[in-house]
Structure formats: C-alpha cells, structure tokens
Amino acid sequence: MDSPLSSSPPSSYFLNAQSPTLSAEFSHSQRAHLFSYDEERYVDSNDNQDDNEEDDDNSNQESDLNVEDAAREQAALTAYRTMHPEKEQREIGGREIDNHEAIWSVSSFRPHWGADKLRDNNPFSYWQSDSSDTKKHHTIDIAFHQATLVSQVSLFIDFFQDETYTPKTVMVRGGNTYRDLQEITTVECPEFVGWVNIDLLSATDGIPFRVFKLQIAILNTHLNGKDTHVRQVKVYSLIPSYLQDTSNPNRKRKPNLGIGLR
C-alpha cells in the first residue's frame, strides 16, 4: 500500500463521487493526510487561477493603455497638420523664421530633450525643462542675427499627453538685448492639443516688432507643474512689402488662441 505521506496519493484517497464521506478503510492519520493534501492541492489550484487572472488583467490594462496612447498620438498628429499656422501666414504675407536666421536656446533642459526638439517638425517630441529653482521662469530664447520684424509666435502643445507639464500662462518679450526685454503680450493656453497662435500685431495696433532678441517665458503650467513641455515653436515675420500695403485688411486682426482639439 502506498504511504499516506507519499507526494502523489492514490486515487482512492479522494472522496467518492457518490458519497461525501471517506471510505471506512482509511485510518485517522490517513484521513488527516488526505485533507492536508487536498487542501494544498486546492490552494495551489486557486493560486494558479489567481495568477492567470492577474496576468489577464495586466494584459488587458496594457492593451487599453496602448489603444489610448495611439488615439492621443493620432489626435496630436491631426491637430498638428490640419491646424498648422503656415498656410494662414502665407496668405497674409508672413514667413517663418528659419533655423539659420537665429540662435535658438532654452533656459534648461533634460538630456536629449533640448532646444532642437522645438524645431524638428515632430509633434511627438518636445523640449523638457529641468530646473530645481521653482522661482525662475522657463524660457525659450531666440537671438536673431539681424534686426527682425516679428508678427506671430506659435506654440504646439498637447495637454492630453503632457498634463502638468503643459504651459498655462505664456509671456512674449522682445528687445535689442536680453537686458532691455519688454513685455509684448501675455496669453493663457487652453487645456487642449493644438497650436497656440500668439498674434504680436494685436499688441501694437498692427505694427510688427523690430527686435534682435525674443523671449518666450512660461510663467506657469497647468496644475502647477514644476517643469514644462513645449512640442514645437514657430516664429513668423512679415515680408517688408506688406508693411506698405495699407489696403490689406489682414494687417489688423484679433489674436487667435483657440486652434486646437479639446
């Protein structure tokens, strides 16, 4: 007869299918071992079932997150392409300041997420500040190689992916040097994904600013985050011939800050 302490008890150790009692042939010690073995077997089975259910739950959660991330990225790409300010600027005679026309820098950045990410035409990359001093504003600094007439600054932001990193209050300053920067305008960024178009002409009755230095300061972020993300920045200038065209109805226009997806 197999020992009741063997690792694999005989089939007769288990309850009879037609009776909830044990066979009378088993001793008390054998019955005790049977319940001990069967309980361990039950616990092991439940543990395996719980592990499988947990793995399934984790797999489902990861799948849901992947679907959400894909949807957010698709929304960002759609907003970036369909609401890009380039077309409107060309219609009114504006042009984008190119990389070689200025030096683009930032107040701080995390490794691999510097100022170059602001100019790569990629809505999925971003500049991320990295400052331990919460009293200082995060800034994007643009030093033009020659005096430049600036008419609009456009920022691409994505609240749904960046959340607390998303800029809320943005100030644009201009001047000849960084020592004489003056405020041009301040705007509030909505909680959306899209372009925030800051029309500088509205602050000067349609007259473009002539500057050597331009600074975009992030005064605070949504939900009071410490650092910030800005995904793209564009600066536009007016072609000089349009300054003489007083019949152009587009010279004076209201700021357009609501281009995006909520």
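Let's start in a loop: Asn-121 sits between β2 (102-106) and β3 (127-128). The model is a predicted one, and the protein in it has 4 helices and 12 strands. Of its 262 residues, 40% count as buried. If you look at contacts with a separation of 6 or more, residues 24 or more positions apart account for 75% of them.

**Two loop residues with positive phi**

- Back to Asn-121: its phi is positive, at about 55 degrees, although the residue is not a glycine.
- Asn-121 has a relative accessibility of 46%, so it counts as partly exposed.
- Asp-205 is another non-glycine residue with a positive phi, this time near 60 degrees.
- You'll find Asp-205 in the loop between β8 and β9.
- Is Asp-205 buried or exposed? Asp-205 is exposed, because its relative accessible area is 54% and the cut-off for exposed is over 50%.

**A cluster of rings**

- How many aromatic pairs are there? The count comes to 5.
- One of them joins Tyr-80 and Phe-156, with ring centres 5.3 Å apart and planes at 90 degrees, so this pair is edge-to-face.
- Tyr-80 belongs to helix α1 (residues 28-82) and Phe-156 to strand β5 (residues 152-158), so their pairing ties together parts that are 76 residues apart in sequence.
- Tyr-80 also pairs with Trp-195, and here the arrangement is tilted: the centres are 5.3 Å apart, with 35 degrees between the planes.
- Since Tyr-80 lies in helix α1 and Trp-195 in strand β8 (residues 193-199), this second pair ties together parts that are 115 residues apart in sequence.
- Put those pairs side by side and you get a cluster of Tyr-80, Phe-156 and Trp-195, linked by ring pairs.
- Are these three residues buried or exposed? Tyr-80 counts as buried at 7% relative accessibility, Phe-156 counts as buried at 0%, and Trp-195 counts as buried at 0% too.

**Thr-169 and its surroundings**

- Thr-169 is part of strand β6 (residues 167-175).
- Its relative accessibility is 8%, so Thr-169 counts as buried, the cut-off for that being under 20%.
- Which side chain makes a polar contact with the side chain of Thr-169? That would be the side chain of Glu-188, at 2.9 Å.
- Leaving out residues up to four places away in sequence, Thr-169 touches Thr-186, Val-187, Glu-188, Ala-217, Ile-218, Leu-219 and Asn-220.

**His-222, in a loop but buried**

- His-222 is in the loop between β9 and β10 (229-230).
- At 5% relative accessibility, His-222 counts as buried.
- What does His-222 contact, once neighbours within four places in sequence are set aside? Its contacts are Phe-159, Glu-163, Thr-164, Thr-166, Pro-167, Lys-168, Cys-189, Pro-190 and Glu-191.

**Asn-176, in the loop after β6**

- Asn-176 is in the loop between β6 and β7 (182-188).
- With a relative accessibility of 43%, Asn-176 counts as partly exposed.
- Asn-176 and Val-211 are 35 residues apart in sequence, and 5.6 Å apart in space when you go from C-alpha to C-alpha.
- Apart from neighbours within four places in sequence, Asn-176 is in contact with Phe-212 and Lys-213.

**The largest pocket**

- Rolling a probe the size of a water molecule over the atoms shows where empty space is left.
- The largest pocket here has a volume of about 170 Å³.
- Which residues lie nearest the centre of this pocket? Of the 13 residues that line it, those are Thr-134, His-138, Leu-219, Gly-225 and Lys-226.
- Strand β9 (residues 209-221) gives the most to the lining, with 4 residues.
- As for character, the lining of the largest pocket divides into 2 nonpolar, 7 polar and 4 charged residues.
- You have already met one of the residues nearest the pocket's centre: Leu-219 is also among the residues that Thr-169 touches.

How values were computed. Residues numbered from 1 in each chain as written. Predicted model: local features only at pLDDT ≥ 70, side-chain atom pairs only at ≥ 80, totals over all residues. Heavy atoms only, no water. 1 Å grid on protein atoms, 1.4 Å probe; cavity = no way out; pocket = protein on both sides within 12 Å on 5 of 7 lines; lining within 4 Å. Points joined across faces, edges and corners; volume = space filled by probe spheres on them. Helix = DSSP H or I, 4+ residues; strand = E, 2+ residues; numbered from the N terminus. Nonpolar A, V, L, I, M, F, W, Y, C, P; charged D, E, K, R; others polar. Buried < 20%, exposed > 50% of the residue type's maximum accessible area, 1.4 Å probe, protein only. Polar contact = N/O pair within 3.5 Å; in protein donor to acceptor, adjacent residues only side chain to side chain. Contact = heavy atoms within 4.5 Å. Phe/Tyr/Trp six-rings, centres within 6.5 Å; stacked < 30°, edge-to-face > 60°.
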